[in-house]
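Open the model in your viewer and keep the selection tool at hand. The stops below say what to select next and what is there.

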Amino acid sequence: MSLSDLLVAQLSDPFRIGLLIALFVTMLRTRAASGTLIPLAIGAVFVAVLLPLTAQASLAAPLATVIGVGIVANVIWLAIILAIWTLYQRLKA
């Protein structure tokens, strides 16, 4: 499996998307105490490590590669979620 196929597979994983949305909502609730970027960065790494380690199926690539591509996929999704949230906040005001 190529890296682009792995990235597309991880970007289209509904469980990953749900976890990242929950992470974002949690960050919004705790933003006053912990900030924005550090919780999102730690959460992106956590989700990227959690999913391949708990997957029942065999990995299509080495674990380090799957985790690295997972971090990239998570950052892409978090950037999209943050952009949508920022746009919503600006349009609401």
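A residue counts as buried under 20% relative accessible area, as exposed over 50%, and as partly exposed in between. With a relative accessible area of 45%, Ala41 is therefore partly exposed. Keep in mind on this tour that the model is predicted.

**Stop 1: the whole chain**

Show the protein chain as a cartoon. It has four helices and zero strands, in the order α-α-α-α along the sequence. Its C-alpha atoms fill a box of roughly 45 × 25 × 15 Å along the principal axes. Of the 93 residues in the chain, 26% are buried. Now switch on the surface: about 6000 Å² is exposed, and carbon and sulfur atoms supply 74% of that area. Among contacts in the chain with a separation of 6 or more, 69% join residues 24 or more positions apart.

**Stop 2: the start of the chain**

Select Met1, in the segment before H1. Is Met1 buried or exposed? Its relative accessible area is 62%, so Met1 is exposed. Next add Ala60, which is 59 residues from Met1 in sequence, while their C-alpha atoms are 6.2 Å apart in space. Leaving aside neighbours within four places in sequence, Met1 is in contact with Leu6 and Ala60.

**Stop 3: the largest pocket**

Leu6 also appears at this stop. Select Leu6, Gln10, Ala55, Leu59 and Val66, which lie nearest the centre of the largest pocket among its 14 lining residues. Helix H1 (3–11) and H3 are the elements that give two or more residues to this lining. H1 gives the most, with three residues. The space in the pocket comes to about 290 Å³.

**Stop 4: helix H3**

Select H3 and measure from end to end. What span should its 18 residues have at 1.5 Å a residue? The expected value is 26 Å, and the end C-alpha atoms are 26 Å apart, so the two agree. Now colour Pro39, Leu40, Gly43, Ala44, Val47, Ala48, Leu51 and Pro52, the buried residues of H3. Their cover includes H2 and H4. An α-helix has 3.6 residues a turn, so residues three or four places apart point the same way.

Return to Ala41, which lies in H3 as well. Draw a line from Ala41 to Ala93: the pair is 52 residues apart in sequence and 28 Å apart in space, C-alpha to C-alpha.

**Stop 5: helix H4**

Select H4, a helix of 30 residues. From first C-alpha to last, H4 reaches 43 Å, close to the 44 Å expected at 1.5 Å a residue. Its buried residues are Val66, Ile67, Val69, Gly70, Ala73, Asn74, Leu78 and Ile81. H1, H2 and H3 are among the elements that cover them.

**Stop 6: the largest nonpolar core**

Which residues make up the largest nonpolar core? Select Leu20, Leu23, Phe24, Met27, Leu40, Ala44, Val47, Leu51, Leu78 and Ile81, 10 residues in all. Helix H2 (14–34), helix H3 (37–54) and helix H4 (63–92) each supply at least two of them.

Finish on one member of this core, Leu51. Apart from neighbours within four places in sequence, Leu51 is in contact with Asp13, Phe15, Arg16 and Leu19.

Conventions:
Residues are numbered from 1 along each chain as its sequence is written. This is a predicted model: local features need pLDDT of at least 70, side-chain atom pairs count only at pLDDT 80 or more; totals for chains, interfaces and linings use all residues. Side-chain values use heavy atoms; hydrogens and water are left out. A nonpolar core is a set of buried Ala, Val, Leu, Ile, Met, Phe, Trp, Tyr and Cys residues joined through side-chain atoms within 4.5 Å. Buried means under 20% relative accessible area, exposed over 50%, partly exposed in between (1.4 Å probe, protein chains only). Contact means heavy atoms within 4.5 Å. Accessible areas come from the Shrake-Rupley method with a 1.4 Å probe; for residues, only the protein chains shown count as cover. The expected span of a helix is 1.5 Å times one less than its number of residues. On a 1 Å grid over the protein atoms alone, a cavity is a set of points where a 1.4 Å probe fits but cannot get out, and a pocket is an open set with protein on both sides within 12 Å along at least five of seven lines; lining residues have an atom within 4 Å of a point. Grid points are joined across faces, edges and corners, and a volume is the space filled by probe spheres set on the points.
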